[in-house]
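Please read these notes with the model open beside you. They go through a few places one at a time.

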Number of protein chains: 6
Amino acid sequence: MKIKLINPNTTQAMTDSILDAASRCKLPDTEVYAVSPKCGPDSIECFVDEYLAVPGVLKEIIDGDRKEGADAYVIACFGDPGLKAAREITHKPVIGIAEAAILTSGLLAPSFSILSVLDRSVRITEELVYSYGAERRCRSVRATGLSVLEFDRDPAAGMAALRREAEKAVREDGAECILLGCAGFVDFVAELREALGVPVLDGVVPAVKMAEALVGAGLTTSKVNTFKKPETKEIKGFTMFEEEDLKF
Amino acid sequence: MKIKLINPNTTQAMTDSILDAASRCKLPDTEVYAVSPKCGPDSIECFVDEYLAVPGVLKEIIDGDRKEGADAYVIACFGDPGLKAAREITHKPVIGIAEAAILTSGLLAPSFSILSVLDRSVRITEELVYSYGAERRCRSVRATGLSVLEFDRDPAAGMAALRREAEKAVREDGAECILLGCAGFVDFVAELREALGVPVLDGVVPAVKMAEALVGAGLTTSKVNTFKKPETKEIKGFTMFEEEDLKF
Amino acid sequence: MKIKLINPNTTQAMTDSILDAASRCKLPDTEVYAVSPKCGPDSIECFVDEYLAVPGVLKEIIDGDRKEGADAYVIACFGDPGLKAAREITHKPVIGIAEAAILTSGLLAPSFSILSVLDRSVRITEELVYSYGAERRCRSVRATGLSVLEFDRDPAAGMAALRREAEKAVREDGAECILLGCAGFVDFVAELREALGVPVLDGVVPAVKMAEALVGAGLTTSKVNTFKKPETKEIKGFTMFEEEDLKF
Amino acid sequence: MKIKLINPNTTQAMTDSILDAASRCKLPDTEVYAVSPKCGPDSIECFVDEYLAVPGVLKEIIDGDRKEGADAYVIACFGDPGLKAAREITHKPVIGIAEAAILTSGLLAPSFSILSVLDRSVRITEELVYSYGAERRCRSVRATGLSVLEFDRDPAAGMAALRREAEKAVREDGAECILLGCAGFVDFVAELREALGVPVLDGVVPAVKMAEALVGAGLTTSKVNTFKKPETKEIKGFTMFEEEDLKF
Amino acid sequence: MKIKLINPNTTQAMTDSILDAASRCKLPDTEVYAVSPKCGPDSIECFVDEYLAVPGVLKEIIDGDRKEGADAYVIACFGDPGLKAAREITHKPVIGIAEAAILTSGLLAPSFSILSVLDRSVRITEELVYSYGAERRCRSVRATGLSVLEFDRDPAAGMAALRREAEKAVREDGAECILLGCAGFVDFVAELREALGVPVLDGVVPAVKMAEALVGAGLTTSKVNTFKKPETKEIKGFTMFEEEDLKF
Amino acid sequence: MKIKLINPNTTQAMTDSILDAASRCKLPDTEVYAVSPKCGPDSIECFVDEYLAVPGVLKEIIDGDRKEGADAYVIACFGDPGLKAAREITHKPVIGIAEAAILTSGLLAPSFSILSVLDRSVRITEELVYSYGAERRCRSVRATGLSVLEFDRDPAAGMAALRREAEKAVREDGAECILLGCAGFVDFVAELREALGVPVLDGVVPAVKMAEALVGAGLTTSKVNTFKKPETKEIKGFTMFEEEDLKF
């Protein structure tokens, strides 16, 4: 089975670290590979970033289906950008890492908190929690106040900020599981898990395991109505797509 | 005051009809103008269409702010594509026609139903209703089963389908107000209103009037956190933007 | 267009300040006038006050419709007392200031907090928020602990209390917009807006602008079921109504 | 113990039938008496009716407390008009019949439907269900389409209409308990119960039994905040109150 | 009328104190008696305890119906263990003390908080509140951190812990009524009520009064569907049941 | 990895068919085995059945942990009986088949319906859907009206009933995915999937795949609070447990 990991931003270092995490957790027979879109922002921190990441994500799904023989897709950004559109394009399973982390936490604990990057992500993340029906299990969404770039520049400071907010989530908010709300946090999982004594989930590992589970069970996306293939129509102005790409 | 109406699809006939509706309801001193983005799909009927419409919408907001002196924006597609991203880009009011119609209906009636185009839009529209907190007022979302194109080709058949579903919404579902879930339906309002005896709202008129209201009251989008300007970053591959466009 | 502002309490000073705010924000062609009912309490701070204010409000609606040619009504008390009954009596738009403020905030910010007068209003206000479907956007309802009368006697202390609670709402509760939960607070808007850096909404201005919008769009209340005219029946003991008043 | 039953409308026949039902279910030591307010409408079928009934209800509470030594109150109209205001005025238990029926049904069955009078009551009743947190247990609110007066004139037709809708509620909507949404329906309980094979609750009997329960347990309304006594203030124009009535 | 109180744990001292509270609040003509099951845990503090208590509770219901002529049952543990199963077995009213306390609080106050034993009960109790539709009235669930046994060993320390958390619930969380989330807390009611100035409800007294109310009104559990008698089937391995016990 | 499948009822034929389904979908390296408890009912169709099944389920978890070296558990009854208690007893993953099916459906389709056995299961199943936060995705719960035994005796009639209700769920209720609400339905999956053209999920396969996913990712149940080990206490009267079994 071949799982394509799509890092929706264009930062190769993050793509590498996502692939690394996937490689460590995958089944022996699973093949994983990771890409960044050729177009889009170098990090995703607001609605504009999300929307400008999606066309590149969709291009990667199209190529995965038509050229690469992928069996499932993981969208590896905690906002799950373009997830529903991706499910229209392909019948193969597409998993968002936020969705995977939120669902998985329900199998392990009665409640969770999410650690996010900037303050501006708190509201977006709360709406995501709502859209997955997890609002009654969510104790809090906490921001570290550091940007993706700052995490990159000073991982020790990032780790300290994550740990500080995670401890508040567990002690003050009553969270019994911690979700890391950024694909870039995947390297902090082990240390936080040890420090906190509760399950700590990045989204990449749960998403890879869920993708393997769906493919293994022979399950595919429902094509009866909402996620049917898009009607073919004239779409202008996107140079990142080839001529046939948007004919479904 | 200058209101820019953005038809997120590239079909000029629909842009014209949106401008026409706006022109008839606007205040004498209001200037309205309507555009279609240069890029994007010629109609919006699924998630893929929405996502591919948004970059063009954002470009029109940027131009409206920097080149045209617009005072407010209306996004004239019933899915409100890109609305929250638009609010990040500009501090000037941005109104989606679904949001405007749903809010306005609450001032006129205790409940409403929405008439939509294809079956596949029903679920998307229900989620939209939810995101505006109107789920307890929404009696039903009903699809006509006709595509945007079919409405165009045979308006009489479209009118008949709308009227049939609207009557079911009022009689069977208990709706006391009808919302037309497509900007292209603006020309059917008067006839439906007469036939049904309940308020019938397209979104364009409510959105123009709300834009006038906000500008008239001197109100602008909150910039304190979620809708702050996007962080400037490298964004690759969108030829529809000029070099300075995405520097905020 | 003629908009009648009804201050549901009998304190003329508050009626004057409501009219003043309306006069400043109205369109040039709009005529606004403000009244206090002849019967009812001199301030509204609990359920008993609300119920004893409503008959006087209804009398003003009846007179507005039958004697004064009003085109729309604003009920200018943050509890929206009698709003649904008023919509039964007239087909012309009736806007409550709480409803107007809550709806308007959704066009400007992802979340809000409400500043109220006494502690006892917190629960009432929370239920109001719920009834308008805004509970997921509401971060908090905070009381200043001062009565309407105390605000009157010492506006500087009132301003200080409002500012203190507003700052907590923004910083601790994450509100991105502030709603002033008393028609008497209309004079504090400008100063708070400057101090806080977020939109601050009294209800009077949003209500006047929404009334203008509805009248301008030719929209009237749905009369198909819930808000039909009351059945005419014998109603005894209300000397504030003239003989024909309650025949609909 | 002395329970005062307040029929919020001025129709003596309904007051008699309420008293009759209460007399049959009360404990031997309980004294029940029933009144109609001196002011207000002769039936309650819309928001205007409710609001014009409340001052008379409050007057009866005041007299009950100060002149009659009542130990508890039942507001015997299925809209529970003025319930929260009544709880401000007195610390003695006040029970609304809708509240009593809805709560009691939860002890007997997992779900219920409500049978109402006119179509226009459906929405009001749904909001009532919501305000008591029973929306997940409520299968439907069904109207008979007959007015209170028509029930009075032709009880056999009324019974037939109630039975028809009740059977639909049980068979089509899955209700496992039926609530009668009008105090005037109290005489139909026994026959419907036999016909349907499910519990059928009017509100009067549950309310009387709950009032007995609260008084028997020595429980009184919380006066710490929301239901504190109203602030004494000038209230003009209600000739139904005596001078001291509104001083709390 | 004969009410059987079932203490689902096997600690006789708690059974005695439950009987004592019931004896003090019951009507003169009511006969109350209390039992502990012969099997099950000696206190109930987690899901395992609840499940192992239920067979014994069901045995007591069966005996109450077939051998003792009970007219109603109270399950006297704040988790209401086995309540719905008990309603299948008998048509006579079965009341859980959590359900009784939560419903009763709605007749007395707009909001409540629950005081619980161990931290691990908080989440279970929150789900209980949800299942009774009271989540909008519930301000908080607070744990004392002491086990049932510790309350037994040092009641003064228990009282101090309850008082401390109750005061926080009232002052910080805005609760206007306090519910005691353990049948063992019944002896603390009077002192807490005096100290706090708000209604304090154990569940035993409300449950006894509701049982009296239902029996007095001739009401029984709906047997039309969900709570029908169990299908008779082979059930192996429960030595606490006699041969005929599980034939319904 | 070793997954223990627990069929909570004592019917060996159903245990065999569960094992069969698990064997077909498992990974090559996974070992699966299936058991029925030694005590409990031979089918589970109501609350009493569920409660009497749980002690046997817990015994199997205890034995799995202490004697058999199981790595994860699947509780293979669509009511997920005893799931939370099982999570207290062991830190190894425990998956209920309802939970697994409901979560998995969210990765494949925007909505689902559940097909159940008897009418009396509809309400129980709706509450289960609610407890997993899936109420906004659930279109309907439909009962076939046939008992577990009747499905056994006449599988062709069972298949016809399932297909009839499934088609209504898809066509009338708008379900885009079908969940089979009984572990005994596992043999009907393939035929229904072909007939309906939408994903059809029994719970056994999703649960096995999720168990493999969690074990593969090294994830275990959160032990910080709600799911901590039970306090050891005296538990009387369960002959199915050995002396040390309930010491945690």
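The numbered points below take up two interfaces, one helix, one loop residue and the chain pairs without contact.

1. Basis of the notes. This is a predicted model, in which local features need pLDDT of at least 70 and side-chain atom pairs count only at pLDDT 80 or more, while totals for chains, interfaces and linings use all residues. Residues are numbered from 1 along each chain as its sequence is written, chains are lettered from A and ligands numbered from 1 in the order in which they are written, and side-chain values use heavy atoms, with hydrogens and water left out.

2. Chain A and chain B, area. In this pair, 46 residues of chain A are in contact with 46 residues of chain B (contact means heavy atoms within 4.5 Å). The two chains bury about 3900 Å² between them, with 59% of it on carbon and sulfur atoms. Buried area here is the accessible area (1.4 Å probe) that two parts lose on being put together, summed over both. On the chain A side, Y51(A), L52(A) and R120(A) lose the most area to chain B, together 19% of what that side buries.

3. Chain A and chain B, pairs. There are 10 salt bridges between chain A and chain B; a salt bridge is a side-chain nitrogen of Lys or Arg within 4 Å of a carboxyl oxygen of Asp or Glu. R120(A) forms a salt bridge with E88(B), and their closest N and O atoms are 3.5 Å apart. The count of residue pairs in polar contact, both at pLDDT 80 or more, is 28. A polar contact is a pair of N or O atoms within 3.5 Å; within protein, one must be able to donate a hydrogen and the other to accept it, and residues adjacent in sequence count only if both atoms are side-chain atoms. Helix 2 of chain A gives the largest share of the side that touches chain B, 8 residues. Helices (H or I, at least four residues) and strands (E, at least two) are DSSP runs, numbered from the N terminus.

4. Chain E and chain D. Each chain brings 40 residues to this contact. About 3200 Å² is buried between chain E and chain D, 64% of it on carbon and sulfur atoms. L107(E), L108(E) and R136(E) supply 21% of the area that chain E buries against chain D, more than any other three residues. The rule finds 2 salt bridges across this interface. E135(E) and R136(D) meet through their side chains in a salt bridge (3.0 Å, N to O). Residue pairs in polar contact, both at pLDDT 80 or more, number 10. Helix 9 of chain E provides the largest share of the side that touches chain D, 6 residues.

5. Helix 1 of chain B. Which residues of this helix are buried? They are M14(B), T15(B), S17(B), I18(B), A21(B), A22(B) and C25(B). They lie on the same side of the helix because they cover an arc of only 165° around the axis (the arc of the directions from the helix axis to the C-beta atoms). Buried means under 20% relative accessible area, exposed over 50%, partly exposed in between (1.4 Å probe, protein chains only).

6. S43(E). This residue lies in the loop between strand 3 (40-41) and helix 2 (47-68) of chain E. S43(E) is buried, with a relative accessible area of 9%. Its side chain makes a polar contact with the side chain of K233(F) (2.9 Å).

7. Pairs without contact. Chain A and chain D do not touch, and their nearest C-alpha atoms are 16 Å apart. No contact joins chain C and chain F.
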